[in-house]
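User: Could you take me through this one before I start on it? I'd like to go over cysteines, the contact between chains, and one site inside a chain.

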Amino acid sequence: MNRYLRVYTAFLRNCLAKELEYRTSFILRAVGNLAHGAVSLLFLSLVFRHVQAIAGWTINQGILLMGTFLLFQGILGFIFSENMERISSYVNRGELDFILTKPISSQFYVSTRLISWDNLPRILLGVAVILYALRQLGSVPTPAQVALYLILLITGLVIGYSLWFLSIIYVFWTERLRNAGFIFHSFTELGRIPIQAFKGISRYLLTFVLPIAFMTTTPTESLLGIVTLSGTGTGLFLATILFLCANRMWRVGLRAYSSASS
Amino acid sequence: MRRLRLYWRLMTLFYQEAFQYRGESFIWFLFDVLPPLVMVILWRAAYEDVSQIGGYTSPQMMLYYVGLTTFQALLTSHPEWDISYEIRMGEFSKHLLRPLRFNTFHIIGELAWKGLRFLFITPVLIAAILWMGTGLFSAVALRAGTLLYFLLSLVMSYILAYFLKASLGLTAFWVIESYGVIILFEFLRTFFAGVIIPLDMMPSPIKAVGDRLPFAYLYFFPLSILQGKIGDEAILHGLLIQGGWCLASYLLMKTMYHLGVRKYSAVGG
């Protein structure tokens, strides 16, 4: 465990150094990232100028959800986005050879090696928005609620990571669709909508099959004190199952791996 | 005649290339479809309690996003990635040697890819109509006269987007990592083109800025004609400005091209 922490610290430092090599590009990307978040907030405030509630969520609850969404997507992007885009090239170019010989878990390495520091402003924005929304709501969450929120946020991140990882695992069997690493990140955009806004079958699908509900709605509800025990339990259960699936599929994939060229 | 044969040949080659990467292409296409889908779901939930928001009825709002998605998919090309890649990798030299203009090459390529996109957008449109009902058509307010203006504005939207994006790609002559520039541009485009929310629902200072930028003429202007939001005089005025932006963006691209080529050193080529 200690070793993994040390390795990850080294990744963090190394990637930051790399970003600082192309400062202009880094700053532009960070600003772009931040602006994207700001636009989401603007959209929300514009819609709420005209309506009282969307799917039972008031404006401040909506802002809280948006803060959670920004935090969630920021962390997911910070840790995983560049890695998920790279995995297919590891496999197709045979670079995986070098990773397999390293004395740490290969799944850990391919999932965490590259850090997108440009997502940091979005994470900070998310936290700021959450604090603002809580103030507007005039509610101070109890330590227990905060703890539950963090647990549910991590649960959501595990679900997000596992699904993302599973969505690109096919790279072991085909060289097609090399950009599929991007698609999942785009899919998480649905997380800015409260799950109650979905009707019929889509709500069911987004709760149990592609559980976007547990990525943003459930954590937010925990801060509002309206999350249910069964909701928390289902989230934890899905996170465990999906993470085990991701790990299992990586092993199956490795068996199909045959290096490249040379 | 020989020219035409050449173009045709190029077109079929690009078309084959596009089809070879149809899977990837479909995924990029989803990038255009998913964000408006998010908006539509939110708007539909919002319209459950009220019948009009910011001057838009529910069918009008739905038509706005369906139209926006279609225009984004079919009228906005993305030559900037290819162009900046060519410059960075030194592959740009081929344009200097070939007896074919750089723009012709990219426009033909873009058109071929658009053919594929057309195949993708059709089922999306059918699904949208099934989902949103025929109310969608009731929001269309075209007359025989404005139909022509509408089509003209679409053509100019394509031209404007192409030259803006080509200029964007050419920034790679000066900026090593053009990724950041492209991201920033995309942000400005989505913000001021009315992609997030109809431009006339923006707070008035933002709308005032947006009106003075070319982005408003990519989708918002054609959509305003389609929905009958502006009168004949405003349409003609708008078409004139749109034409002006087309010309300006062409000149910008041309100037950047000439200055850039002088600076270009064919790294690695």
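**Cysteines, contact and a buried threonine**

Analyst: A search of the whole structure, which is a predicted model, finds zero disulfides over all chains.

User: And the cysteines themselves, is A:Cys15 buried or exposed?

Analyst: A:Cys15 counts as buried, because its relative accessibility is 1% and the cut-off for buried is under 20%. In chain B, B:Cys246 is buried as well, with a relative accessible area of 8%.

User: OK, switching to the contact: how many residues does each chain put in?

Analyst: Chain A gives 36 residues to the contact and chain B gives 35 residues. Between them the two chains bury about 3,200 Å², and 79% of that lies on carbon and sulfur atoms. On the chain A side, the residues that lose the most area to chain B are A:Leu28, A:Phe43 and A:Asn179, which together make up 18% of what that side buries.

User: How many salt bridges are there between chain A and chain B?

Analyst: The count is one salt bridge between chain A and chain B. The side chains of A:Lys199 and B:Glu48 meet in a salt bridge, with an N to O distance of 3.7 Å. As for polar contacts, counting residue pairs with both at pLDDT 80 or more, the number between chain A and chain B is zero.

User: Which helices of chain A supply at least two residues each to the side that touches chain B?

Analyst: Those are α2 (23-48) and α8 (183-187) of chain A, each of which supplies at least two residues to that side. The largest share comes from α2(A), with twelve residues. By residue type, the side of chain A that touches chain B divides into 23 nonpolar, six polar and seven charged residues.

User: Now the site inside a chain. Where is B:Thr76 found?

Analyst: B:Thr76 lies in the loop of chain B between α3 (58-75) and α4 (79-89).

User: Why does B:Thr76 count as buried?

Analyst: B:Thr76 has a relative accessible area of 1%, and buried means under 20%, so the residue falls in that class.

User: What does its side chain pair with, and which residues does B:Thr76 touch?

Analyst: The side chain of B:Thr76 is joined to that of B:Tyr219 by a polar contact of 2.7 Å. Leaving out residues up to four places away in sequence, B:Thr76 touches B:Phe71, B:Lys114, B:Ala161, B:Lys165, B:Arg189 and B:Tyr219.

Note on methods: Residues are numbered from 1 along each chain as its sequence is written. Chains are lettered from A and ligands numbered from 1 in the order in which they are written. This is a predicted model: local features need pLDDT of at least 70, side-chain atom pairs count only at pLDDT 80 or more; totals for chains, interfaces and linings use all residues. Side-chain values use heavy atoms; hydrogens and water are left out. Contact means heavy atoms within 4.5 Å. Buried area is the accessible area (1.4 Å probe) that two parts lose on being put together, summed over both. A salt bridge is a side-chain nitrogen of Lys or Arg within 4 Å of a carboxyl oxygen of Asp or Glu. A polar contact is a pair of N or O atoms within 3.5 Å; within protein, one must be able to donate a hydrogen and the other to accept it, and residues adjacent in sequence count only if both atoms are side-chain atoms. Helices (H or I, at least four residues) and strands (E, at least two) are DSSP runs, numbered from the N terminus. Ala, Val, Leu, Ile, Met, Phe, Trp, Tyr, Cys and Pro count as nonpolar, Asp, Glu, Lys and Arg as charged, and the others, Gly among them, as polar. A disulfide is a pair of cysteine sulfur atoms within 2.5 Å. Buried means under 20% relative accessible area, exposed over 50%, partly exposed in between (1.4 Å probe, protein chains only).
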